[in-house]
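Here's a quick briefing to read alongside the model. Have the sequence and the viewer open, and click through the residues as they come up.

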Amino acid sequence: MNAVRAIYEDKDGVVWIGTEGGGVNRVLARKNFRLYRAGGKPGSLSHNVIRSIYEDSNERIWVGTQGGGLNLFDRNSETFSQINIKTR
């Protein structure tokens, strides 16, 4: 069983559920789920332990992971890209 670590409802009413090791679930409508997991392939999550989910003012979905950094969801292709943040 995967513990839920983050829940977010975006502007369209889609519910995003981040889990402890099970990736991200996207609830599109009643009984209609989409699971996103890390898989090492382009477009997949960078890690399955999810710590946060956020939608910014430009309607972009950001997913923070433990061990895989920050991911940005592309609504058109329904894929993720890992965001590299450079610090000084």
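**Briefing: sheets, core and loops**

Start at I61: apart from its neighbours within four places in sequence, this residue is in contact (heavy atoms within 4.5 Å) with Y8, D10, W16, I53, Y54, E55, N71, L72, F73 and R75. Bear in mind that this is a predicted model, where local features need pLDDT of at least 70, side-chain atom pairs count only at pLDDT 80 or more, and totals for chains, interfaces and linings use all residues. Numbering starts from 1 along each chain as its sequence is written, and side-chain values use heavy atoms, with hydrogens and water left out.

**The core**

- I61 also belongs to the largest nonpolar core, which has 12 residues in all; a core here is a set of buried Ala, Val, Leu, Ile, Met, Phe, Trp, Tyr and Cys residues joined through side-chain atoms within 4.5 Å.
- The other members are A6, V14, W16, V24, Y36, L45, I50, I53, V63, F73 and F80.
- Strands β5 and β6 each supply at least two residues of this core; strands (E, at least two residues) are DSSP runs, numbered from the N terminus.

**The β5 to β8 sheet**

- Four strands make an open antiparallel sheet, ordered β5-β6-β7-β8; two strands pair if DSSP finds at least two bridges between them.
- β5 and β8 (79-83) sit at the edges with a single partner strand each, so one side of each has no neighbour in the sheet.
- On average, neighbouring strands of this sheet are turned by 25° against each other, direction ignored; the axes are lines fitted to C-alpha atoms, and angles run from 0 to 180 degrees between N-to-C directions.
- Strand β7 (residues 70-74) runs antiparallel to β8, with five bridges joining the two.
- Two pairs to click on: F73 has F80 as its bridge partner in β8, and L70 stands opposite I83 in β8.
- β7 and β8 form a hairpin, with four residues between them.

**The β1 to β4 sheet**

- There's another open antiparallel sheet of four strands, in the order β1-β2-β3-β4.
- Its edge strands are β1 (4-9) and β4 (32-36), each of which pairs on one side only.
- From one strand to the next, the twist averages 20°.
- β1 and strand β2 (residues 15-19) run antiparallel and are joined by five bridges.
- Within that pairing, I7 has I17 in β2 as its bridge partner.

**The loop between β5 and β6**

- D56 is found in the loop between β5 (50-55) and β6 (61-65).
- D56 is buried (under 20% relative accessible area, 1.4 Å probe, protein chains only), with a value of 13%.
- The side chains of D56 and W62 are joined by a polar contact of 2.9 Å; that term means a pair of N or O atoms within 3.5 Å, where within protein one must be able to donate a hydrogen and the other to accept it, and residues adjacent in sequence count only if both atoms are side-chain atoms.
- A polar atom of the D56 side chain also lies 2.9 Å from the backbone nitrogen of N58.

**Positive phi values**

- Most residues other than glycine have a negative phi.
- E59, in the loop between β5 and β6, has a positive phi near 65°.
- E59 counts as partly exposed (between the 20% limit for buried and the 50% limit for exposed), at 39% relative accessibility.
- E78, in the loop between β7 and β8, has a positive phi of about 55° although it is not a glycine.
- E78 also counts as partly exposed, at 29% relative accessibility.
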